[in-house]
Each structure stands twice: as structure tokens, then as C-alpha cells.
Amino acid sequence: MAVNRAAVVDQRFLQHVSRLTPGPAQANLDAAVAPGRALTGRLALQLFESMIASRHLDLASRDLKSRDASFYTIGSAGHEGSAAVAASLRPTDMAFLHYRSGGFFVQRARQVPGQTPLLDVLLGVTAAKDEPIAGGRHKVFGSKSLYIPPQTSTIASHLPKAVGAAFTLERRKRLGLPLDVPEDSVIVCTFGDASSNHSTAQGAINAACWSSFQNVPVPVLFVCEDNGIGISVSTPSGWVAANHQHRPGMRYFGGSGLDLDECYDAAQAAVAYVREHRRPAFLHLRVVRLLGHAGSDVEQSYRSEEEIEASEAMDPLRRAATLLIEGGWASPALITQLYEDTRARCAALANEAADRPKLTTAEEVVAPLAPRRPAEIEAEARRAPDPDARLKLWEGKLPEADRPRHLAVQINRALGDLLAKYPELMLFGEDVAKKGGVYNVTTGLSRRAGVGRVFNTLLDEQTILGLAIGAGHMGSLPIPEIQYLAYLHNAEDQLRGEAGSLQFFSQGQFQNPMVVRIAGYAYQKGFGGHFHNDNSVAVLRDIPGLVIASPSRGDDAAAMLRTCVAAAKVDGAVCVFLEPIALYMTKDLHQDGDGLWNTPYDPDADPAPIGVGRVTGEGRDLTIISWANGHWMSQRVARRLEEQHGLRCRVLDLRWLNPLPIEDILREAVATGRVLVVDETRRTGGVSEGVLTALIDGGFSGRMARVAAWDTYIPLGAAANLVLVQEHDIEAAALKLVGGK
Amino acid sequence: MSQTTPRRLLLLCPGRGSYGRAQIGTLPAESPTVRQLNALRAEAGRPTLTALDATERFFPALHLAGEHASLLTFGYTLADLESLDPDKAQTVAVVGNSMGWYTALAAAGALSLLDAARLVETLGGYQEGNVIGAQVLYPTAGDDWRSHAVLTGLVEDALKLPGVYRSIRLGGMTVFGCTREGLSALNETLPKLQRGDRTFPLQLPLHSAFHTPLMALTSARAQVDLKDLPWRSPTLPMVGGDGNHYGRTASPAAIARYTLTTQVTDPFDLNLCLRAAMGEHGPDAVLLPGPGNSLGAATAQILIQLGWRGLRDRRDFEEVQASPRPLVISMDRPEQRALVCR
């Protein structure tokens, strides 16, 4: 039978305390624990209290698990020294904590009155709906009043947002925007040695260095709690230090996370450096992992007993007790009393937590996922920008005075108006500033609104999206641009795992509003190949709560963009604005020179409500449902079907891919009894799957068909057309559907 | 609950004004605490606690006056605690309501009995012929003891009146601290409300506007008069009326600072205090020692707000109280007292 290491660690701590020889009692607890150390005896005692609270929370969680009352046992045992990091920071220094930062969490709670970190953590592991941050949806370290946004990250995917928050904190100061934290605040994030290897972590660290290297302030503290092992895989000895000691623009601080005095000195130095210099620092704390990776982890299967015992011998609680008792700061009796009292408190609170109500309906579970208040969004979208701000931005030449123009221009104008309307709005991405983007969509905006608000980033989509999340945390309204849809995929988790989940895991207490602009889709006359013609949106469509807008026409684009930004502002919505590259410059619809795809710019146009499509035509023979490029082609085909075959169609532009305009889909389908879905995305996982499913779910009993792109990557040249939906495909499918009328 | 496992109790010491008509003649005169406090009072030429308790009836002008009521409540409460049976009761943390904080300091060992008594007598003495403003009660909970939106709205609006401050958040009750003008405004603004034999807004007789900025001079005076008070780290954890935890390793200076400054001039938030204490110490029950049972309802209302042990309203609370594991144990009630006393 496997030895219960939790019990061993617990008992050996008490044995250790009983064997220590007390030093002469200290007369002044407020003196330093040793010459030259910043840590006082009293603070050491208080940190020790936080450490044992963290330890007993781990033990209580495992005890609850044995009663099937806990659902999470990854703990902080061995990492409790992070309490000293918290003590070096202010409770207003926003902290993104990984799952082993229990010591940090408890200690920070000590800095703010009225906190109950013990009960809160236990409500978390028991999935109680009273848990104050995630409400039973996950066990996280999070708290609004402690400036700790909840993280469910397992792979350091919270590091980009920490960099983003630090960047935005400074950027808001430069822009003269208010902050709800002191101006010299810093941002801290914690993670392990194993996850420091993840590309997301390295990308974030790189982005901080890249900024700092060119003197762009990024006051972020990276705290690596290095226990030397990632589940069962050892980190090479010395790797973390070697990998981070000499990064340009970032200062490295190292120390023992096992010894309170050393840990506190290192943390104090690192925090002081970041706070004063507004540059990133890497605080490398050597710790140990006790009790295995999680409660379910049989550590004995990959570590020898000697190795396990060697780690246990380095228990930071034992070391802290040694410091306190041998230094004369506390008696063994006091240490034991604190330890046992905390055990009793955690046990009692565990019982209370276990009995608290759980989430009992699916509706309860999803309630905070993506709140949407259409009336408020509409009112916000209708709210006009300050006329003077508009005039200034457009340099006296208002865009509505111009002739009807194409999609790219109308998006540019809407962005300009939004920059005038929202001082906190920032627009960024690769090449968006001086160059104005690859397709000139952001042309002139950096000059008009200032380089502080419209700026280029480094070439890293994780950083771009992380910056957007962090900007939201700091109260800004970000519009990041992903240059091509295919470039999103390497960073998709920043939307899926991070931005999209924040309101869900914080019951809306934290929000990261954003509108991610992405240039996408194919039909670029065979130019550019797969990476510039990607037509896969499946990866976005199933992100819960994500709003996906995809306009086809310029006037719709402007109205939809205003709605998305209003939703971000009102409800903290995370929106993706998927722009069809091939239509950016398209001016004509049916024939060259007809100018029918140009639209006038109306700053006061009615907003486009989320999940509401647009119908063209009133035909009774066939309903064609599409969007973006497919919609443009469908309009052309509809004209030909009428002229050449006498078929009268109605064409529905979905406009929103999530949520789909279900009511419009059903109404327009029923109107003709025949539906053709024109889907420029892939046959598998494409949007038409959702549309047809909606029809079936809605009880539509008419005829249905679809044309969709092949399940393939897009090739170069004319071969692209072989796998993409063509107008003749649409026409043939339409005729087949109506039975050759 | 087995005989060998004492109940883990959160001790909540009552504020001034708890000693009322029903308590005449009930102070345990043989208590060592009372004897020490009597000696202190005699030395100062003031009526002893035992003498105050031995009057033939309750005289509001006498028993409710700050210079008497404070130490009477203090002594009564601490004397009560002498009866606790360590086999039945284990105090895991100590809190107090308003002046009860001073009693809590003694009960938790942050001050010795006589030093805490000096604190009480000094601050209570300031009140002698010197009532500053007034304290007024108004409910924020309904008859079911759940928070009531309309009443809460009335209170929040009233807090905007000139000369009106929040003095205490007391479960489903708000205690305003106010100037004379504020008092008139409260009486004019708040609708009359009858609860049992009490009519709200209800002014507490002879009470100053404690825990408000109107007490700034009192705070300043106390800091001078009590600057040599020998504060200690408590031997039992405490939670203040600001929700701050003061554990066994707390700095005595921090406790002194809180007690003589913000505790005097800032709102005393019993709701936050109990929330923090319950969530940090997880007691089996809240123990109410001392005269009367004035904090019973407030405590219950706070526990309902917290959803403690699944409580949703007054009915739930009454069910729990009738069970073998009551959540509030009042030493004023013989059947509950028996659960924790010899």
C-alpha cells in the first residue's frame, strides 16, 4: 500500500518542531531576523501563519477528497514561501497567480480587511456556488478586492495578459487616462519551472524584453516558483536561471523560496526594481514540490523514496519553524499551537464548505458566461461621439461628406469615429500604424489618434491578444488586429482559454472587453496561398459566449463594428470581427462599374443588433443563406437565377456567425420552403453545419442543401478555385434544389 | 457533540446598553472579575458594579449613563466567561460590538483586565455630562430577517443627510451617528416603523455619535490619556469592527492604533467583522456572553446573510437553534448557557 505522503509531511513537521532547541527569547519582535535582513521577527511569524494556512488548505482538500467532497487537489505544498512575495507587494498590484500560489493568496488577503481566504479556497475545492469568485465553476485563486483575476491556466497562458496589463498601466498614464490603482503599481504573475518552457510564457517574457529594450515601460514581475519538476519530468538543473539571467531589458533576481528571510529579500529587491524602473524583472525562487503533482498523482511511480524524502526534508514550513524557534522569535509551543489551531479551523471550514449548495442547473452554470443586454448595447452604440473630438480627428473633413465607398474605407471610418468616441480605445497589431495595415484598413488612424493609441506590436499573436486582455483588465477598450485568420490559430487559446472564460470564472466581476479584428477568407484570385486565404472558422465558433461578426458590405461593417464595441463596453463582450479580404476593395456587384457594393458612410445609422441578419429580396422560390464573400456571390447568382430561369430568391446575409440569427434563418426558410446555404468555410466544421442544424432544431421541414468549400488547405493560383465555392456551384445547387423550375 | 469535544466558539462581546431592566440583581457578585472591578471603582470614588446592580430598580439616568453602563457591561460579560466549562467550550476567536471591542481586548488578552478597565473607564468617563450628538437605530431587514431592499434604500438615502453618519452596521439594523440637526433630519425623513414594542427610528438614550468623525476629539484625547497603556499581542485571535484580523502575532501597536483611532471615528461594521471571523475560524457557534441577549437577532441576521450552514431566513435560523447544534448560544438563556457552562 502506498504511503500517505501528506500524513508523513504533516507528522514530520510536528516532530521537527518538537526537536528544535529554542534560542533566547527576542525582546523586540519588530527587529530584523538577522543582521542585514529586511524580514522582522513579527513579519516572519505572520508569513509563517499564511504558510501554514496554505498547507492546511492542501491537507483539508485531500481529506475532503477522501469523502468525495473535494474536486481539486493540486496544492501549494512546498511553495508556501510565495507569502513573502505577496508581503513585498501592495494589494493593489494586480496579481495573476498559478495554482501553487496559496501562500501568496492567503498573505495578500491579510493585507485587506474583512477577507476570508480559508473559507474561500475551501468553497472553491468543494465547488460551492457561494465561492466568491468562480461561484463553483472552478477552484481558482481570485478576488476582486484583492486585485487577483482568477486564472485557470495550466501552461503559463496568463503571462501575456500580465505583460498586457503592465503595458497598459503605463500607456494609460501617458494618455492621461485615470487608473483605479496607484500610478506606481506593478503587475505580478506566478508560474512554475516547467511551464516557463511553454511558448506562451516565452512569448510573454520576450514581449516584455522587446518593449523594455526600446525603453517602453512594462512594470511586470515574473515569479517563477521552480520546484524542479513538471508532473514527472525533471527540469534540467540550472536551466531556469541560465535561460533567464541574461535577457535584454529584464533584470534577474534569484533566491531560495524555502527560506523566508532570503525569499523576502529577493522579493523586496525585485519588486523595488520593477516599481522604480518600470522594467520587467524575473524573480526565480527555488522551491520544492511536496505531496505530488495532485492528489491523484502516484509520485512513487516515477520518483524514488529517497528523492521524495529529500524533497520533504526541505519543507519550507520546517525551515520557517527553525528560523522562528532557534532565533527566539517564537516558542515551539506557539508554533505548534498556531499549526494545530489552523488545522482545526480548516477542518471546521471544510465541513461548512462541503455542505454549501452547489450549482444545480445548466442555466445557473452558464449565467455569467457572456451576459448580453441588447437595449443597453443599442443605446451605447447610438451614443454619438463628441462632435469636437470627431472634427479634430477627421481634421475638419467629416467622412459622411464623401461619396459612397467600399468596405475597407468604411471600416477605417468607423474605427476613426470609435477612436473619437472612446478615449480609452486602443488599436494595435502588426503593421497597423504607419503602414495602415496590409490592406490600408487602418490608414491614417495612428496619425489622427496618436501613436499612443494606434500602434504596431511585435510579430506574435499571443502577445497581441494577451495585450488586449491585459488592457481590458486596466480599464481600456482594445481593438487588436490579427493580420490573417491563419495567424490566429497559434494564439487561439488566448481567446478560448483566457479571454472567453474570464466572466465565466469570475461571475462577471472581471471583464476583458475586446473586439479582435481579423482579416480572413479566400477569393484573392489565387494569390497568397493557404496562410493568406484561410477559411476555417470552426476554432472560433465553439468558444462559448464569443461574438463573431462577419460583414459583407461597408455600411453593415460600420454599424456592426459600433455594436461590437458597444457590447464590449456595456457587457465586457469578447468579439471577433472577421473581415473578408476579397471584399475590402470590391466596389461593384453585378457588373464592372455599377458601384453597387459601395455604400455611403452614415455615422448615425441604426446599429446592427447582435444575432440579426439582413435580408435582400422577397422571392418565394428559394432562400439563399450566406455571409461575407458567399453573400456577395449569392446576390449575383440570385440576379442570374431570376433573369435566366425566372426563379425569384431572397438572400439572407447572416452577418453574425455567433450567435447565428436563428429567427431570421427560420423565418426566411419558411417563406420559401427551400434553403440553400452557401458556405465559403470548410465543409467539415463550417458555418453551414450550424445553419442546417438550426433549421432542423427549429422544425423546418422544407428542402435544404448546401455548397461549401472542400476540406483542404487553399492552394496557390487558379487551383484555389477548384476547392472554393464558385458561383456556378451555387447556381447548380439552386436549380437542383428547386427541381429545375 | 461528544463530551470530550468542546464546542469551538466565537466570542461576541456586547456593547454598552446591554445591561437593562431585566438584569438588575443578576451580576455575579462573587466573581473575581467583579471584585477587582469593584475595587477599582471604589478607589475612584464611583459606585461599584455590585452597588449599581443592587439598586431596587432600573434607573435609566443611572444605569444607561456612559460612566456606569460601560464598565457594568464590561464586567458582567467577563464575569460570565468565568463560568465557561473548558470541557464544553473552547473560545477560538474574540470579537465585540462597539464598546464590546474593549471587553474583547480583555477577553483575548490584548490588555489585562485592569488595563482594559482603565480604557473603558477613561472613554466612558468622557461621556459624563458630555454626550456628543446621538445614535439612532433603524432596521434594514424584514420580519424574515433577510435584507430588505426598500429599508436598505431608505437607510442609504438617509446617510446622505447632513450631519448623519453610519455608526454601526448591526446585522439587519443600521445605527446612525448624528448631530442634533442630523437627528431631526432622520426623524423627519425616515418613515415610522413599529417592530414589536419598539418604534423606529429609535434614539439610544445617552449615547453619543460613536464611531463617527464627531468623535475625533475623543480619539485625540484618548491617545494622550492612554498613551502608556501596556498593549500585548492577544492570546486569542481577534477581529476588529473594520474586519481586520489581529492574531496571536499581531503587533500591539497596531491594535492600540486601531482601538484609539479608527475604531472611535469610523463605522463599526459588525457584519464585516462576523463575516471575517466566521470565514476564518469556522466556529461551531457564536457565543453571546454578558447582560441580556441584545445581539441575538443581529447575529442571526448576519449568519443568514452569509448563508452559514445553509441559513436562508429567520425560520431556518429558528430550526437550527432548536437543534442540538444551535449556531448562537446566548449565556442569558439558561438552556443555551447549560451547553457551555459547568
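**A chat about chain A**

User: Hi! How much of chain A is buried?
Analyst: Of the 741 residues in chain A, 57% are buried; a residue is buried if 20 or more other C-beta atoms, placed from the backbone, lie within 10 Å of its own. This is a predicted model, in which local features need pLDDT of at least 70, side-chain atom pairs count only at pLDDT 80 or more, and totals for chains, interfaces and linings use all residues. Residues are numbered from 1 along each chain as its sequence is written, and chains are lettered from A.

User: Cool. How many helices and strands are there in chain A?
Analyst: Chain A has 28 helices and 19 strands. Both are DSSP runs numbered from the N terminus: helices are H or I with at least four residues, strands are E with at least two.

User: Which strands form the open sheet?
Analyst: The order is β14-β16-β15-β18-β19 in chain A, with mixed pairing; two strands pair if DSSP finds at least two bridges between them. At the edges, β14 (614–616) and β19 (703–709) of chain A each pair on one side only.

User: How many bridges join β15 to β18 in chain A?
Analyst: There are 3 bridges, and these two strands run parallel. For T623(A), the bridge partner in β18(A) is V675(A).

User: New topic: what does the C-alpha trace of chain A span along its principal axes?
Analyst: The spans are about 100 × 60 × 45 Å.

User: And what about its radius of gyration?
Analyst: Chain A has 29 Å, which agrees with the value near 27 Å for a compact globule of 741 residues. The radius is taken over C-alpha atoms, and the globule rule is 2.2 Å times the number of residues to the power 0.38.

Note on methods:
Buried ≥ 20, exposed ≤ 12 C-beta atoms within 10 Å, placed from the backbone.
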